[in-house]
Amino acid sequence: MFEGELVIFDLETTGLSPHADDIIQIAAVRMVKGLICPADTFFSYVDPGRRIPPFITQYTGITNWDVQGAPDVGSVLRSFSEYVGNATLVAHNGHRFDMPFLAASCHKKSLSVRAVPYHDSLALSWQFWGRRGFRHGLDQVLSRLNIVEANVRRHDARGDVILLAKAVEKLWEQILATQGPPQIKLYHGSLPMLAGTL
DNA sequence: GCTAGGCAGGAACCCCTCCTCCCCT
């Protein structure tokens, strides 16, 4: 089981490019010793300071109205960094999507950053089923794990993060039971410096 | 499944380069 704390998180953005696009939603849930803490969550809309492309509204259900009046990304990332504390982050395809987005957003806002450890949950899926012969998208992973949540909205960070947390919990248990401790790479990404350490 | 960009990993070939695929919104 996990030794320390994990913060499972998910971003919704205006597109796929960390440099050209912006974060519009962040959601996270904490896991302690392998167990999800349902009451210990983080959520915020982010005002991207621009119109949300229609495709993204269609894809995520997030509208311009939703982000109107929301805090800007600098403010949300500072709060998120405080929430994360010393935990290790986990996101699906985080190494190539979520973490570069966090780093690029800090850079755009000229925020002082700290190094934050993170895992990519894709690696758990690769280890458990084998990289070839299986697809490893979140939908495919959830389907193979028989994780179904009736009242959860996919492509909304709040919904995706709950589903991902359940998937991580289950995958970790199953890998541990069948293959021993997961051999999952630990990376380091960026989040704003914590208050009081500047 | 459709747009966008980036990249890890494999192949071929000799250690860097090219190619292809994946996954995220």
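**Entry 1. Salt bridges**

I took a salt bridge to be a side-chain nitrogen of Lys or Arg within 4 Å of a carboxyl oxygen of Asp or Glu. By this rule I count 11 salt bridges in what is a predicted model. I then looked up several of these pairs one by one.

I began with Asp 21 and Arg 50, whose side chains meet in a salt bridge at 3.9 Å, N to O. Asp 21 lies in the loop between strand E1 (5–13) and strand E2 (23–32), and Arg 50 in the loop between strand E3 (35–45) and helix H1 (54–60), so the pair ties together parts that are 29 residues apart in sequence. I noted the accessibility of both partners. Asp 21 is buried, with a relative accessible area of 11%, whereas Arg 50 is partly exposed at 34%.

I next asked which residues are linked with Asp 21 in a network of salt bridges. The network consists of Asp 21, Asp 22, Arg 50 and Lys 108.

I turned to Asp 40 and Arg 30, whose side chains form a salt bridge with an N to O distance of 2.8 Å. Asp 40 belongs to strand E3 and Arg 30 to strand E2, so this pair ties together parts that are 10 residues apart in sequence. Here I found the acid partly exposed, Asp 40 having a relative accessible area of 26%. Arg 30 is buried at 10% relative accessibility.

I also recorded the salt bridge of Arg 153 with Asp 156, in which the closest N and O atoms are 3.1 Å apart. Arg 153 is partly exposed at 43%, while Asp 156 is buried, its relative accessible area being 3%.

**Entry 2. Helix H3**

I checked the length of helix H3 against expectation. The helix covers residues 73–84, and at 1.5 Å a residue its 12 residues should span 16 Å; the end C-alpha atoms are 16 Å apart, so the two values agree.

I listed the buried residues of H3 as Val 73, Gly 74, Val 76, Leu 77, Phe 80, Ser 81, Tyr 83 and Val 84. After the helix comes Gly 85, which has a positive phi near 55 degrees.

I looked separately at Arg 78, which is also in H3. Arg 78 is partly exposed, with a relative accessible area of 43%. Leaving aside residues up to four places away in sequence, I find Arg 78 touching Leu 111 and Pro 192. For a distance across the chain, I took the C-alpha atoms of Arg 78 and Pro 100, which are 22 residues apart in sequence and separated by 16 Å.

**Entry 3. H3 against H4**

How do the axes of H3 and helix H4 cross, and at roughly how many degrees? The axes of H3 and H4 (residues 98–108) come within 10 Å and cross at roughly 125 degrees. That value makes H3 oblique to H4, because angles from 65 to 115 degrees count as roughly perpendicular and those over 145 as roughly antiparallel. I recorded the crossing as left-handed.

I then identified the residues that meet between the two helices. Val 73, Leu 77 and Phe 80 supply the H3 side, and Leu 102, Ser 105 and Cys 106 the H4 side. I compared these with the lists of buried residues: Val 73, Leu 77 and Phe 80 are among those buried in H3, and Leu 102, Ser 105 and Cys 106 are among those buried in H4.

The full set of buried residues in H4 is Asp 98, Met 99, Phe 101, Leu 102, Ala 104, Ser 105 and Cys 106. I found that they pack against E1, E2, H3, strand E4 (88–91), strand E5 (113–120) and strand E6 (187–192).

**Entry 4. Positive phi outside glycine**

I looked at two residues that have a positive phi without being glycine. Asn 93 has a phi of about 65 degrees and sits in the loop between E4 and H4. With 27% relative accessibility, Asn 93 counts as partly exposed.

Ser 110 has a positive phi of about 55 degrees, although it is not a glycine. Ser 110 follows H4 and is placed in the loop between H4 and E5. Is Ser 110 buried or exposed? I found Ser 110 exposed, at 66% relative accessibility.

Definitions and conventions: Residues numbered from 1 in each chain as written. Chains lettered and ligands numbered in written order. Predicted model: local features only at pLDDT ≥ 70, side-chain atom pairs only at ≥ 80, totals over all residues. Heavy atoms only, no water. Helix = DSSP H or I, 4+ residues; strand = E, 2+ residues; numbered from the N terminus. Expected span 1.5 Å × (residues − 1). Buried < 20%, exposed > 50% of the residue type's maximum accessible area, 1.4 Å probe, protein only. Axes fitted to C-alpha atoms, helices over the stretch in contact; angles between N-to-C directions. Parallel < 35°, antiparallel > 145°, perpendicular 65-115°, else oblique. Left-handed = near helix turned anticlockwise from the far one by under 90°. Contact = heavy atoms within 4.5 Å.
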